[in-house]
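Work through the exercises below with the model open beside you. Try each task before reading its solution.

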Amino acid sequence: MNTRAARAVESAIRGAGRGLRQARRAASFIAGRWRRSLQFRTVVATLLLTSLALVAVGGFLSNQIANGLYKERFGQFQSEASNGLRVIKEVFRDTTAADRDSTDRLARDTLDRLGAPGADAPRQWLLSPLPGQQGYWVPALASHKAMTESALIPPELSAAVAEGDDQYWAPITIPRSEATGGLQAPGVAFATKVTLPPDSTTYAVYIIYDLSSMQLTLDYIHRVLWLAGTVLLGIIGAIAWFVTRSVVRPVSHAALVSEKLAAGELQERMEVRGEDEVARLGASFNHMATSLQDQITQLAQLSQMQQRFVSDVSHELRTPLTTVRMAAEVLHEARTDFDPVNKRSAEILYDQVERFQSLLADLLEISRFDAGAAVLESEPTDLFQVVKHVVDGAQPLADNFGSDLRIVSSESSCIVDADPRRIGRILRNLVVNALEHGKGKPVHIYIASNPDAVAVAVRDYGIGMTEDEASRVFDRFWRADPARARTTGGSGLGLSIAVEDARLHSAWLQAWGEPGNGSCFRLTLPKQRGGEPKVSPLPLPPRGRLPLPPAAGPAGAAPADVPPADGPPAAGPTGAVPAAGGGAPDPQLKEKSEIQ
């Protein structure tokens, strides 16, 4: 038995859970439609407001009809009952009956005349001795045996009749009525005090009117009002749906055409019908789309011409530049035989030709990115080895600046699907920039990984940059200080090319800086080609300044308190990060590799 009860309870709980889930799904569906569909909101709001209006109007009409019908019938009932009670009172008062039988017969005969229908409503009567009477000849009488004073007559009416000699009335509820199919029916009772032999014994006589016919009439009126309201509500809902559809449909079509235009389908246009406001809107939209298409086509042609011009000029300059470089190399090698002025001129010529050649190579690379001709040649690559190779190449420059170049990582190997040439170029740009702007202070390269991504952060402690400068650092040919001289050359396109290389890998390249506290660049790569990082293993920016190693003596361990990872950039795969944020240091991350 207990098992059956437990199963029944469990089944009831499961049923309640299913009902709750279905209710939640329905509520979620309705809420979604409410948010996404203007037509749905308009129709539902119209139906709700119309329902409220119909309920208010229907309630008012029902109340007015009921009051009018009740007042009219009540006046008839009161006049008829007053006359009947007055006649009964006079007959009982003037009777000559002197025994029990004649008094009983007189009472029954007189009251039976009240049982005839009056005022288009069934009428009943009830005779009851007042409390405290003794030795009365006539017991309690009623037109129906089931009627009793305690079941029908309110105590307030009985008390009023016992205390006064006037006529009184009160609304009552008749327990059973043939007119209502055996259900309760409303009624009204009129009463007064009468006397019968012997010795003028006092009784209460009640005339009861059955109002079930009037109630049925009101119920019929209510049903008609509800039916008419429901039909009217449906008609109004259909009208609202049709009207809003005629307005919302062109708007929805305009939204669809706008999405196609945004996707590059510039030939899409709206269908224009008629001459109304919606038609004028469609014509204006089509005119705007045509204008945009013409401008975009013109800009695309100008961009292609510009790209072709840069590419053609770059290629055309390679041959004469090679000749000039060969001549510059000859002069540079023979500069020891020149006088000081010519010697310096040869050195300057050689340096500027080298810089010009680097600029030309960067312009060719940028033109390939702009033309969409850049190809990613990915292969399994040990990112740690790429970083070591970059550090080895940048070590002479670090020695020249007097900077301590170190790798800080708990990793010994990080395998990713990447193009090693492009990743090396990104890291080389970041490291060289850090050394150029590091003012001879240490430069730290952090490497970390998680199951989805690998991150490399290059941190210097030099002049730093503002948040606005960090947001523009990847722009082509942009420099934070145009008056600052370049000590190692550079075309101004290195970080722009690095950004394009990062995009080819679906990677993030982000910058952070703080004036006087240095800057940090972070590259986050997905481990698998085609993937996308979700969370970077390294934070940007670090929380506070990292501790620096001793200024002199043998190199100690690089800082190992690397803060925990942070999430993706807020606006795309590349960009600047504000100077606030980061996370707390992770004491479990220790240095395993160091290059000086």
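**Exercise 1. Place H332 in its helix, then decide whether H332 is buried or exposed.**

Step 1: H332 lies in helix α7, residues 277-333. Helices here are DSSP runs of H or I with at least four residues, numbered from the N terminus.

Step 2: H332 has 19% relative accessibility, so H332 counts as buried. Buried means under 20% relative accessible area, exposed over 50%, and partly exposed in between, with a 1.4 Å probe and protein chains only.

Step 3: H332 touches A346, E347 and Y350, leaving aside residues up to four places away in sequence. A contact means heavy atoms within 4.5 Å.

This is a predicted model: local features need pLDDT of at least 70, side-chain atom pairs need 80 or more, and totals for chains, interfaces and linings use all residues. Residues are numbered from 1 along each chain as its sequence is written, and side-chain values use heavy atoms, without hydrogens or water.

**Exercise 2. Describe how α2 and α3 pack.**

Step 1: The axes of α2 (residues 38-93) and α3 (residues 100-112) come within 11 Å and cross at roughly 160°. Therefore α2 is roughly antiparallel to α3 (angles over 145 degrees, on a scale from 0 to 180 between N-to-C directions).

Step 2: I88, V91 and F92 in α2 meet L106, A107, T110 and L111 in α3. By class, this contact has six nonpolar residues, one polar and no charged.

**Exercise 3. What share of the 596 residues is buried?**

Solution: Buried residues make up 37% of the protein.

Terms used
Helix = DSSP H or I, 4+ residues; strand = E, 2+ residues; numbered from the N terminus. Parallel < 35°, antiparallel > 145°, perpendicular 65-115°, else oblique. Nonpolar A, V, L, I, M, F, W, Y, C, P; charged D, E, K, R; others polar.
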